[in-house]
Every structure is written in C-alpha cells, then in structure tokens.
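Reader: Could you walk me through the ring contacts and the core of this protein?

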Amino acid sequence: MAVEQKDRVAQGRALWQLGSVLGDQGQFKNAEVPLRDALAILESELGSDHLDIAKACNGLAVVLFRLHQYQGAQDLYARAYDIQSSKLGPEDKEVATTMNNTAGLLKAMGKLADAEVVYRTVLDIREKELGPDHVDVAASLNNIAVLLKTSGQFEEAEEMYNRSIAIKENALGPNHPQVALSLNNLAALLRKMSKVEQAEKLYMRSLSIREEALGSDHPQVAASYVNLAGLLKSENRLMEALPYFNMALDIRERAYGPDHPDVSAAQISLAELLRDLGKFEEAQKLCRSAIMILEKSVGEEDVNVAAALSLQATCLQGLGKPAEAEPLCRRALRIREQAYGPESPNVATALTALADVLKEMGSFEEAEALARRSLLIRERSFGSDDPLTACSLNNLALLLKDANQLPEAESMCRKCIDIRQRVLGETSLEVASTWLNLGAVLRAAGKLQEAEDACRQCLDIRERQLGSQHTDTAAAQIGIGAVLLKQGRVDEAKIILSKAATLTFVKLGERHQQSLDAMNWLAECKSAQKNM
C-alpha cells in the first residue's frame, strides 16, 4: 500500500472513529457526516468488498437508525451482510451480529414477521457455532422474547426469557449485569400480563444486581429506576414513582452531560409524572429542555421531537393555555405526517391530541373532523373491532359529549364497550373506563338511573381488579357521587365523594385533576345542602 493511500485510509478510519464517538455521545445528527465521509474514503482506497467497508456500513447504519432513516439503515446493513458473508462465511459470528442488528431495525419498522425470521436465524447460527449454553445464545433468546412480547405472544416470550436467564446465570453467575437485563425484560412482560406484583419483585432484583455490580451512579441503574418508576406510575402510585424518576435524571446528567438524548428521555419521563401530579409548570420546563436536546441531537423533524411537543402541549392545557398548546400540536402532527405518511396509526395519535386542544378552545367543528379522521385511520389500519379503534371511538364520544351531541356520544360509548368486552373481556379495566365515560354522557343527558348503573359497573370491575384503595376506584366513586348529587341524594353523594377525595388527595396530591374534580363536586354538595 502506497504512503498516500495509507494516509487516506488513516484519514477514513479517523473520521469513522470521530463519528463513532459522536454517536456514543448521542450526537447522531453530527455523527452522520463524518461516518459517510469515512465510508466514501475507505471504499475508494480499499475497494467495495473490504471488511472495513462492512464495519463502516454497520456504524453508519446504527446512526441512521437512531435518526429514523430506516431505509438507508436497512440498505447499509444489507451491504455489510453481503461483504461479511462472502468473506467470512454465512455462519460467522460477525455475520450473526449484523443480522441481529437488521432484525432490530425491522422490528422498529413494524415488520415483525420479517424480524422474527431473522432473529430465529441468528439463534440457529449461534446455537450451532457456539453451543446452546453460550451467552450470545441467551442474548438471541432475549431478543426474540422482546419481539414476541410486542406481537402479543406472551407465553412463548416468557419461556424464552426464562431460558435466557438460566443460561446467563449458569455462565456468568446470578448477580451479573446481563442477568439483570433479562430480569428487567421479563418484568416488563409480566407487567404487560398484569402480573404487577411479580414484575415489581423482578425490577427490584434487577436494580439490586446493577447497584451491587456497577455502582449506584451507573446509567444501567438509572434505567432500572425508570422501569420501576414506570410500573409504579401505571399503578397510580405517583408519589412513590417520583424519587425514582428524579434519581434517574440525576444519574444520566452526571454520566452523559446535560445534552445527551438519554437525558432528554429521563426529562420526558419525569415531566409526564409531574403533569399527572398537576405540576404543569415544572413539567413543561422539562419538556422545553428535552425538545432543545432532541433538536440538536436528532434534528427538528424527528418523531421524538413530536412526542415531546405533544407532551408539552398537555402541560400547557393543564395550565389553562390551550391557545399556546395548539401550535405545538400542529407541529407534532406535521412531523408525524412527514415521517410516517398521512394514513399512519402514529398520525392518528397526533390527530387526537390536536382535537382535544381544539375542543378546549371551543373549535368543536375542526376538533370533531380530526377525531373522526383518527377513527377512520385506525379502522383502516387495525379493523373495526381492534382495541385501538375502540380507543378512538372513546375519544370521539367524549368530544361529542362536550359538544352536547349526546345521542351520538352515547352510541359511540356503547359501541366501544361492545368491542372491548368482546376483545378484552367483560371485566377488563378498559371496559371499566368506558362504563365511567358512558356514565358521564348519560348524566349530561339527564338519564340519571342509567348513569348510576354505568358508573357502578365501573366501580365493580375496579374494586375486583384493583382493590378499594386504588385511585382509579376512587375515580369511579367520584362518578357515582356526581350522579347521586344530580339525583338529589346529597347526603349519599357527600359520603362517597368525601371517601374518594381523601384517597385521591393522599395518593395523587391536591393539584391532580382527579383531586380537583372531587373538590368541585364536594363544593356542589355543600351548596346543595345549604339550599335544602
């Protein structure tokens, strides 16, 4: 190799190293250019089929994946695979790694069946080349389990996770961070299966392993905090979740610096919780910071920016500023339409958010049109009996209620209940939520006995599923109290509302919307008692 050529190759490798460092720092947008330049230089000097070209393709593909340039990433992975399989053989471990990355990309693109085929091929290669008890085999089992969880194949996913954990424990010991990773993923599956108590125990065990093995300031400990806090938040144990989210953010800021995408992710998680606690100003400040980080690291048109904009909009709604929330929702919708296409289910979510803001502004006509478009997208994407379609029906019903179109709102609620009962079961929590919404519609329509019956259906399900001390159970009690008040049964209403308010204040704080609702209904009770 001539001196000049050596210098050019060295330049290409230096650019690749620079791009890799920027990628590790989360500066994906800035990493793309040096990685592309590195690939071009190395290809011109080493030829198109050199193994260093495969390495450069893989590195650039990782960055494009994080920038949601999925087709470009897929093309690069395919090129890396062709080079490696030709030079090393189709069953080499480097080929398996590239295939594994390709499967992860296919999963992100929603091509779950294709991803499963590739993941299982990688598993076959690793079992053949490394033996069934190798940690790389465990990693493949873990990846397949994640995919199976996504596609709803929970039982097989659980088997895969347990096998992965057993291999890792035997090969690495029961307190290795890789064991913690699989425990963490199994906990997420159990949470999805509504096995909350088992999930919490596994999250705690995973956290304990990571703290002992890696130290309390390690980013993987922060990840455990986020996962545990997410579980607590889903159970409405908001005050318990708060310190975990705060600690996760603190660790990531110290580990990565203030401008890393993982810091923005922690900010968004904390902002969601603060919003739910009614701390809207604190929440929206975190959203603004997260948006600035994301715009710098992945670009202003990235879908993660859209998600953060939508969250900030809900915080502004909580502050009573829907007019300030509207442009954020419109920008989030535009980003999603450009990224996914106008008929994507991801666009349906943004349409619903914008419709909710417009409803608060009194723009019912446009809000209704957007909500109906969201419903139509989900019907076309998932079918008329899918739970996500039912979710759009539910959202449209609430909008129609506020627009005083009560007969159609009632019809939408009943249709939503029918879908959810058939698909999810008569005692599912989603069914309970729709019974409560139907109760609100019927109360507004003056059908008070039917409204009470609907709210009691919700209460019955929630008491059986969640227990009497859950805040969602208290929400059902508030719904019943509101109906009792409208029926003139003021003393009964005051008793049930007082009980629900006490529980809500303790667990959610006095600024939470549910607490405010309970206080408002109790104030009406006192007013009604004075006028009796």
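Here are a few questions and answers about this predicted model.

Reader: Glad to start with the rings. How many aromatic pairs are there?
Author: Happy to help! A pair of aromatic rings is described by the distance of the centres and the angle of the planes. By the rule that the centres lie within 6.5 Å, the count of aromatic pairs is 2.

Reader: Are the rings of phenylalanine 65 and tyrosine 70 stacked, edge-to-face or tilted?
Author: Their centres are 5.8 Å apart and their planes meet at 35°. Stacked needs under 30 degrees and edge-to-face over 60, so the pair of phenylalanine 65 and tyrosine 70 is tilted.

Reader: Which helices does the pair of tyrosine 225 and tyrosine 244 tie together?
Author: The ring centres of tyrosine 225 and tyrosine 244 are 5.7 Å apart, and with planes at 40° the pair is tilted. The two residues are 19 residues apart in sequence. Tyrosine 225 lies in residues 219-234 and tyrosine 244 in residues 238-256, so the helices are H11 and H12.

Reader: Is tyrosine 225 buried or exposed?
Author: Its relative accessibility is 8%. Buried means under 20%, so tyrosine 225 counts as buried.

Reader: Which residue has its charged end over the ring of tryptophan 16?
Author: Here a charge sits 4.7 Å from the ring centre. The charged end belongs to lysine 55.

Reader: And the largest nonpolar core: which helix gives the largest share of it?
Author: That core has 167 residues, and Trp435 and Leu497 have the most contacts inside it. Tryptophan 435 touches residues including Ile417, Cys458 and Ile461. The largest share of the core, 9 residues, comes from helix H23.

Methods: Residues are numbered from 1 along each chain as its sequence is written. This is a predicted model: local features need pLDDT of at least 70, side-chain atom pairs count only at pLDDT 80 or more; totals for chains, interfaces and linings use all residues. Side-chain values use heavy atoms; hydrogens and water are left out. Rings of Phe, Tyr and Trp (its six-membered ring) pair if their centres lie within 6.5 Å; planes under 30 degrees apart count as stacked, over 60 as edge-to-face and the rest as tilted. Helices (H or I, at least four residues) and strands (E, at least two) are DSSP runs, numbered from the N terminus. Buried means under 20% relative accessible area, exposed over 50%, partly exposed in between (1.4 Å probe, protein chains only). A charge sits over a ring if NZ of Lys or CZ of Arg is within 6 Å of the ring centre and within 35 degrees of the ring normal. A nonpolar core is a set of buried Ala, Val, Leu, Ile, Met, Phe, Trp, Tyr and Cys residues joined through side-chain atoms within 4.5 Å. Contact means heavy atoms within 4.5 Å. Lists of a residue's contacts leave out its neighbours within four places in sequence.
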